Amino acid sequence: MSIHKESIKRVTTHILSEMKLKGEKIAMLTSYDFSMASIVDKAGVDVILVGDSASNVMAGHETTLPITLDQMIYHGASVVRAVNRALVVVDLPFGTYQGNSKEALCSSVRIMKECSADAVKLEGGREILESVNRILSAGIPVMGHLGLTPQSIHKFGTYAVRAKDDAEAEKLLEDAKLLEDAGCFALVLEKIPASLATKVAESISIPVIGIGAGGGVDGQVLVAHDMLGITQEFSPRFLRRYHNLFEEIKGAVENYIGDVKSKDFPNEKEQY
Ligand code: KIV
């Protein structure tokens, strides 16, 4: 297949900040491969996240921790090859930026060079600020991620709603401001009370994109496989399912098996 990049106006970090100013909501979805990214981009999503949720969705791991930088680069490069319009953000996987800021920069440079991505995303606030600063100083756009940060699941011990108490809410608000001041172009807030997410979105000027964070933020993100009903076991309250593709695909595969077994497929027109 030959791949031609069409001349469509691409979404940039600048366009996202204009959308926030105009009150136009940002739609973001995950993709991990060429075929899905092509559909999601053609549908008109603004941002595609090559999330480390690929560790769960693509590889079947229980957490996001096992996925490697090389694997994220493989997914990121596959997605970028499909995309004509959306801004593509690639997650820095666990262990590739927390140790020191030089390692964080090297990991980000590899993502930008080897995927041709538009930006990277990192989980955390004050603890990773030095890494964020160093990545930004190299001219690489950074998206923050606060609230439920799945790479810290072993510290939290649960995927329950975060920042319900005053101390954690206060820290989250401070971290959001630190990330904005550092120069992050956007922030993901995952699974926190809607009232807190709204307060964050109103307190900072960069776009805030929520997942399980209510409607008072500047945009929404979901894992595409969850909203399409391909994954079945995961059904948190915030997830709206737009399809039941698991059943649809299973039905189609069952029909195919039946046709092969009954010798209905291939028929005379389906052969040479
Ligand atoms: O990895 C991912 O898919 C994410 C989203 C859930 C925001 O970080």
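Is Ile-257 buried, partly exposed or exposed, and what is its relative accessibility? In this predicted model, Ile-257 counts as partly exposed because its relative accessibility is 40%, and the first legend below places this residue in its surroundings.

**View 1. A nonpolar surface patch that includes Ile-257 of helix 11.** Ile-257 is located in helix 11, which covers residues 245–261. Together with Ile-249, Val-253, Tyr-256, Val-260 and Phe-265, Ile-257 makes a nonpolar surface patch of about 520 Å². Phe-265, one of the residues of this patch, is also joined to Pro-266 through a cis peptide bond, for which omega is about -5°.

**View 2. The segment after helix 11, with Lys-263 and Pro-266.** Lys-263 is found in the segment that follows helix 11, and its phi is positive, at about 65°, although the residue is not a glycine. Because its relative accessibility is 72%, Lys-263 counts as exposed. Pro-266 belongs to the segment after helix 11 as well, and the peptide bond that connects Phe-265 to Pro-266 is cis.

**View 3. A salt bridge between Lys-20 and Asp-218.** The closest N and O atoms of Lys-20 and Asp-218 are 2.8 Å apart. Lys-20 lies in helix 1 (residues 13–22), whereas Asp-218 lies in the loop between strand 7 (208–211) and strand 8 (219–222), so the pair ties together parts that are 198 residues apart in sequence. Both Lys-20 and Asp-218 are buried. The structure holds nine salt bridges, and the pair of Lys-20 and Asp-218 is one of them.

**View 4. A salt bridge between strand 3 and strand 4, formed by Asp-91 and Lys-121.** The side chains of Lys-121 and Asp-91 meet in a salt bridge with an N to O distance of 2.8 Å. Lys-121 is in strand 4 (residues 119–121) and Asp-91 is in strand 3 (residues 87–91), and the pair thereby links distant parts of the chain, 30 residues apart. Lys-121 counts as buried because its relative accessible area is 3%, and Asp-91 is likewise buried, with a relative accessible area of 2%.

**View 5. Arg-110 and Glu-114 in helix 5, and the network that includes Asp-70.** A salt bridge joins Arg-110 to Glu-114, with the closest N and O atoms 2.7 Å apart. Because the two residues are four residues apart in helix 5 (residues 101–115), about one helical turn separates Arg-110 from Glu-114. Arg-110 counts as partly exposed at 29% relative accessibility, and Glu-114 is partly exposed with a relative accessible area of 41%. Through salt bridges that share partners, Asp-70, Arg-110 and Glu-114 are joined into one network.

**View 6. An edge-to-face pair of Phe-234 and Phe-238.** The count of aromatic pairs comes to two. One of these pairs is formed by Phe-234 and Phe-238, whose rings are edge-to-face, at 6.4 Å centre to centre and with 70° between the planes. The description as edge-to-face follows because planes over 60 degrees apart count as such. Phe-234 is partly exposed, at 39% relative accessibility, and Phe-238 is also partly exposed, with a relative accessible area of 24%.

**View 7. The loop between helix 7 and helix 8, with Thr-158, Ala-163 and Asp-165.** Thr-158 lies in this loop and is partly exposed, with a relative accessible area of 34%. The C-alpha atoms of Thr-158 and Leu-148 are separated by 9.4 Å, the two residues being 10 residues apart along the chain. Ala-163, found in the loop between helix 7 and helix 8, has a positive phi near 55° although it is a residue other than glycine. Ala-163 counts as buried because its relative accessibility is 4%. Asp-165 is placed in the loop between helix 7 (153–156) and helix 8 (166–182), and it counts as partly exposed at 42% relative accessibility. With Asp-166, Glu-170 and Glu-174, Asp-165 forms a negative surface patch.

**View 8. Thr-231 in the loop between helix 10 and helix 11.** Thr-231 is found in the loop that runs between helix 10 (224–227) and helix 11, and it is buried, with a relative accessible area of 12%. Computed along the sequence, Thr-231 and Leu-245 are 14 residues apart, while their C-alpha atoms are 8.6 Å apart in space.

Note on methods. Residues are numbered from 1 along each chain as its sequence is written. This is a predicted model: local features need pLDDT of at least 70, side-chain atom pairs count only at pLDDT 80 or more; totals for chains, interfaces and linings use all residues. Side-chain values use heavy atoms; hydrogens and water are left out. Patches are made of residues with over 30% relative accessible area and no salt bridge: like charges are joined within 9 Å, nonpolar side chains (Val, Leu, Ile, Met, Phe, Trp, Tyr) within 5 Å. Accessible areas come from the Shrake-Rupley method with a 1.4 Å probe; for residues, only the protein chains shown count as cover. A salt bridge is a side-chain nitrogen of Lys or Arg within 4 Å of a carboxyl oxygen of Asp or Glu. Lys and Arg count as positive and Asp and Glu as negative; His and the chain ends are not counted. The place of a charge is taken as NZ of Lys, CZ of Arg, CG of Asp or CD of Glu. Buried means under 20% relative accessible area, exposed over 50%, partly exposed in between (1.4 Å probe, protein chains only). Rings of Phe, Tyr and Trp (its six-membered ring) pair if their centres lie within 6.5 Å; planes under 30 degrees apart count as stacked, over 60 as edge-to-face and the rest as tilted.
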